[in-house]
Amino acid sequence: MPSKENKQGLFDSLGRASVMGLHLVSGIIVGCLLGYWLDKWLGTYPWCAGVGLIVGVGAGFRNIWLDARILLRQGEQDDAGKKRQK
């Protein structure tokens with residue numbers, strides 16, 4: 001039977017993993033909206049929106065990369081803790 005600490009670690013990991021997709025989508029939306037706003041202000045449609053889309057995709061993937069690194073570190077720490085207990 002899993003201990004209370006293991007359940008908490010599992011829920012933390014699941015929560016972080018479920019937010020990863022949201023990070024990708026939010027980066028794209030923010031980039032596009034900022035680009036669209038700049039286009040309206042500068043009158044350069046669609047250039048800033050396109051650049052904003054590209055920057056948003058890059059920011060979203062960067063956020064996913066950072067979250068994945070945190071999940072991997074947590075998994076390695078959990079594995080090391082299990083090995084020490086044996």
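Colleague: Why is Gln74 called partly exposed?

Modeller: This is a predicted model, to begin with. Gln74 has a relative accessible area of 24%. Buried means under 20%, and exposed means over 50%. The value for Gln74 falls in between, so Gln74 counts as partly exposed.

Colleague: Where is Gln74, and what is it in contact with beyond its neighbours within four places in sequence?

Modeller: Gln74 sits in helix α2. Leaving aside neighbours within four places in sequence, Gln74 is in contact with Ser13 and Arg16. Contact here means heavy atoms within 4.5 Å. Gln74 and Ser13 are 61 residues apart in sequence, but their C-alpha atoms are 8.1 Å apart.

Colleague: What makes Ser13 partly exposed?

Modeller: The relative accessibility of Ser13 is 22%. The cut-off for buried is under 20%, and for exposed over 50%. Ser13 meets neither, so it is partly exposed.

Colleague: Which residues does Ser13 touch, not counting those up to four places away in sequence?

Modeller: Leu71 and Gln74. Ser13 itself belongs to helix α1. Its C-alpha atom is also 8.8 Å from that of Gly75, with the two positions 62 residues apart along the chain.

Colleague: Why is Asp67 called buried?

Modeller: Asp67 has a relative accessible area of 7%. Buried means under 20%. The value is under the cut-off, so Asp67 is buried.

Colleague: What does Asp67 touch, not counting residues up to four places away in sequence?

Modeller: Arg16, Met20 and His23. Asp67 is placed in helix α2, residues 47–85.

Colleague: Which other residues of α2 are buried?

Modeller: Besides Asp67, the buried residues of α2 are Cys48, Ala49, Gly52, Gly56, Gly60 and Gly81. Across the chain, buried residues make up 14% of the 86 residues.

Colleague: What makes Ala68 partly exposed?

Modeller: Ala68 has a relative accessible area of 25%. That is not under 20% and not over 50%, so Ala68 is partly exposed. Ala68 is found in helix α2. The C-alpha atoms of Ala68 and Arg16 are separated by 8.8 Å, although the two are 52 residues apart along the chain.

Colleague: Is Leu14 buried, partly exposed or exposed, and how do you know?

Modeller: Leu14 is partly exposed, at 48% relative accessibility. Exposed needs over 50%, so Leu14 does not reach that class. Leu14 is found in helix α1, residues 4–42. Its C-alpha atom is 37 Å from that of Leu38, 24 residues apart along the chain.

Colleague: How many helices and strands does the chain have?

Modeller: Two helices and zero strands. The radius of gyration is 19 Å, well over the 12 Å that the globule rule gives for 86 residues, so the chain is more spread out than a compact globule. The C-alpha atoms fill a box of roughly 65 × 20 × 10 Å along the principal axes.

Colleague: How do you know that the span of α2 is close to the expected one?

Modeller: Compare the two values. α2 has 39 residues and reaches 57 Å from its first C-alpha to its last. The expected span at 1.5 Å a residue is 57 Å.

Colleague: What share of the contacts with a separation of 6 or more joins residues 24 or more positions apart?

Modeller: Those residues account for 59% of such contacts in the chain.

Colleague: Why is the peptide bond from Tyr45 to Pro46 worth a look?

Modeller: Most peptide bonds are trans. The bond from Tyr45 to Pro46 is cis, with omega near 10°. Pro46 lies in the loop between α1 and α2.

Colleague: How many charged side chains are there, and how far apart are the centres of the two sets?

Modeller: The chain has 11 positive and 7 negative side chains. The two centres lie 2 Å apart.

Colleague: What supplies the exposed area of the chain?

Modeller: The chain exposes about 6900 Å², and carbon and sulfur atoms supply 67% of it.

Definitions and conventions. Residues are numbered from 1 along each chain as its sequence is written. This is a predicted model: local features need pLDDT of at least 70, side-chain atom pairs count only at pLDDT 80 or more; totals for chains, interfaces and linings use all residues. Side-chain values use heavy atoms; hydrogens and water are left out. The radius of gyration is taken over C-alpha atoms; the globule rule is 2.2 Å times the number of residues to the power 0.38. Buried means under 20% relative accessible area, exposed over 50%, partly exposed in between (1.4 Å probe, protein chains only). Accessible areas come from the Shrake-Rupley method with a 1.4 Å probe; for residues, only the protein chains shown count as cover. Lys and Arg count as positive and Asp and Glu as negative; His and the chain ends are not counted. The place of a charge is taken as NZ of Lys, CZ of Arg, CG of Asp or CD of Glu. The expected span of a helix is 1.5 Å times one less than its number of residues.
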